[in-house]
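Hi,

Here is the structure we talked about, with the sequence alongside. Please open it first, then read my notes below.

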Amino acid sequence: TSIPLLKIEAGIGEATFDLSGTWKNDLSAKINAGIGQITLLMPKDTGVKVTVHGFLGEVETPGYAKEGKEYSNLLYKKTRNNLEIEINGAIGSVVIAEK
């Protein structure tokens, strides 16, 4: 089976993406960002990895491990389903919070 792919184009301003809840499959998402703040609301009980490319600004990821441009929670690759989010080219801030 293939992993569902979600592509998002974000412009100027604030954008919140609520991916919390119970996941029954993996997800691979790409966010092409603009200028402003992106907030990702992630599930507490699912593995998550966020990769940030070409980003100028602050990345807030409480409780996530950072390795280069990758941020992952302690459950990443340890749960049945995992979420992989890629954020490209933004100016502003990225906030990752668990819900």
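T46 is buried, because its relative accessibility is 4% and the cut-off for buried is under 20%. Keep in mind that this is a predicted model. T46 lies in the loop between β4 (35–42) and β5. Its side chain makes a polar contact of 3.4 Å with the side chain of D45. What else does T46 touch, leaving out residues up to four places away in sequence? The list is W23, N73, L75, T79, N81, N82 and L83.

Now the sheets.

**The six-stranded sheet**

This sheet is open, and its strand order is β1-β3-β9-β5-β8-β7. The pairing is mixed. β1 (5–9) and β7 (65–67) are the edge strands, each paired on one side only. From one strand to the next, the twist averages 15°.

Look at β9 in particular. Strand β9 covers residues 82–88. Is β9 largely enclosed or largely open? It is largely enclosed by the rest of the structure, because five of its seven residues are buried.

β9 pairs with β3 and with β5:

- β3 (residues 27–32) runs parallel to β9, with six bridges between them. K30 stands opposite E86 in β9. I31 stands opposite I87 in β9.
- β5 (residues 47–53) is also parallel to β9, and seven bridges join the two. Here K49 faces E84 of β9 as its opposite residue.

So that you can find them quickly in the viewer: the β9 residues named as partners are E86, I87 and E84.

**The four-stranded sheet**

This one is open too, with the order β2-β4-β10-β6. Its pairing is parallel. The edge strands are β2 (12–18) and β6 (56–60), and each of them pairs on one side only. Neighbouring strands are turned against each other by 10° on average, ignoring direction.

Which strand does β4 join through eight bridges? That is β10 (residues 91–98), and the two run parallel. One pair to click on is T39 with its bridge partner V95 in β10.

**Where to start**

I would begin at T46, in the loop that links β4 of one sheet to β5 of the other. From T46, step to N82 or L83, both among its contacts. Both residues fall within β9, which spans 82–88. Then follow β9 to its parallel neighbours, β3 and β5.

Best wishes

Conventions: Residues numbered from 1 in each chain as written. Predicted model: local features only at pLDDT ≥ 70, side-chain atom pairs only at ≥ 80, totals over all residues. Heavy atoms only, no water. Pairing = 2+ DSSP bridges. Axes fitted to C-alpha atoms, helices over the stretch in contact; angles between N-to-C directions. Buried < 20%, exposed > 50% of the residue type's maximum accessible area, 1.4 Å probe, protein only. Polar contact = N/O pair within 3.5 Å; in protein donor to acceptor, adjacent residues only side chain to side chain. Contact = heavy atoms within 4.5 Å.
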